[in-house]
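Here is a set of questions and answers on a ligand site and the domains around it. Look over the sequence and structure first.

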Amino acid sequence: VQTAIGVAHSKLILIGEHAVVHGQPAISLPFPLVGVEAVIDYVPGSVKIDSTFYHGPIDAAPESLNGLTSCIEATLEHLDMPCEDLLIRIKSSIPPGKGLGSSASVAIAVIRALFSYAEENYKMEDILKLADISEKHAHGEPSGIDTLTITSELPIWYKKEEPIDLIEPEGDFHFIVADSGRMGDTRLAVESVTKLIRSAPKRIQSKLDRLGEITHRARNALETASKHLLGQLLNEAQKELEALGVSDAGLNRLIYFARQEGALGAKLTGGGNGGCVIALAQNEMHSKQLCEKLRRIGAHAVWSFSLKRKTD
Ligand code: MEV
C-alpha cells in the first residue's frame, strides 16, 4: 500500500462566535496560512501516532487525545479497515488552543489521509460526521462551524440547523491575526457562557440577539465593500463578547493597541480567554505596519491576509 496524505487548513471566526452555539448566525473564514498534514504508512503492529504532541500507539495515548483516537477508530470502522498496521504522522503549523481550529484541522487531515489510504472517495457529510466525534471531545457542544470552515474554500455564513451559505465579499479586506500567547480552552469558554445564560437568561439572551444582529450587518458590510462599517461592527461584537466574559487582559491589550494604531476594528476570534485577535486594517500597507507593531508589543505570532473580491 502506498503512503497516503491528507491536508487541512485552519479557520477564523470573523464574527458571531459563542452566539452561534445558541442559534445565532456567525461568519467564518478559511485560514490557509497555517494547516495540518497527515501522512499514513503501512507499519506492522498497532495504530501509532507520530506528532509533536504524542508519539506512540493510540491505545496508550493520553486522555487529552481521546477525541482524535476515537475519531481514528470510527474512521477505520467506517472504512471497514482493521485497527492495526498504520503509522499516522501529523505535522501541524496551527498553534493549538488559539481559536484557529487546530483540533478540527488535525481530525480532518487524518480522516482525509485514512480515506486516501483506503482508496475510498469521501462524501463531505462523512468527513463532517467523523470530525464531529473529535470536536465533541474538544468543545463539548460544538456548533459545527469549525469543521465546516475547515472543509470550505470560501467564507461561510452559518446558523445551526440551516444549510450553509457561502459569502462572496465585494472589495478587498485586509485582516491581521495576532496570537496573545496564552492558550484558551474552547470547551470551558463555551460552558461558561451556557452557565451565564442559566443565571441571567434575559440579560444574556439580549446580548446573544445583539451579536446575531451585528453579524447580519457584518455580512452586508462584506458584500457591499463597507470596510469602515465592518470595522465598527467588529468593535461592537467585542463589547458583547467582553460582557459574556470570554475576553481577557492579554486579548484586550492587543485589541485596544490595534485600534489605537488605526485598525478599523478588532476583536477576539474563536473561543477566547486566551488565543488570538482579528483586526481589520485600513489597507495592505497599513496591515504590514500594524503586524510589525503588534509583534513589537509582544504578540507571539502575527499573520496578515486579505479577502479579495473574485475577479472572474
Ligand atoms: C469556536 O471556534 C467557536 C465557538 O463559537 C464554539 C463553536 O461554535 O463550536 C466558541
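**Ligand site and domains**

Q: How many residues surround the ligand, and which are the closest?
A: A residue belongs to the shell if one of its heavy atoms lies within 4 Å of the ligand. By that cut-off, 14 residues surround the ligand. The closest are Lys11, His18, Pro142, Ser143 and Asp146.

Q: What kind of model is this, and how are residues numbered?
A: Local features need pLDDT of at least 70 and side-chain atom pairs pLDDT 80 or more, while totals for chains, interfaces and linings use all residues, in what is a predicted model. Side-chain values use heavy atoms, without hydrogens and water, and residues are numbered along each chain as its sequence is written, from 1.

Q: What distance separates an oxygen atom of the ligand from an N or O atom in the side chain of Ser143?
A: Polar side-chain atoms of Lys11 and Asp146 also approach ligand oxygen atoms, at 2.7 Å for Lys11 and 2.9 Å for Asp146. For Ser143, the distance is 2.5 Å.

Q: How much of the ligand does the protein bury?
A: Taken alone, the ligand exposes 300 Å² (Shrake-Rupley method, 1.4 Å probe). The share buried by the protein is 99%.

Q: Why does the ligand lie between two domains?
A: The bounds come from an automatic or database domain assignment. Both domains give residues to the shell around the ligand, so it lies between domain 1 (4-158) and domain 2 (169-307).

Q: What area is buried between domain 1 and domain 2?
A: In contact (heavy atoms within 4.5 Å) are 32 residues of domain 1 and 43 residues of domain 2. Buried area is the accessible area (1.4 Å probe) that two parts lose on being put together, summed over both. Carbon and sulfur atoms give 72% of it here, and the area is about 3000 Å².

Notes: Polar contact = N/O pair within 3.5 Å; in protein donor to acceptor, adjacent residues only side chain to side chain.
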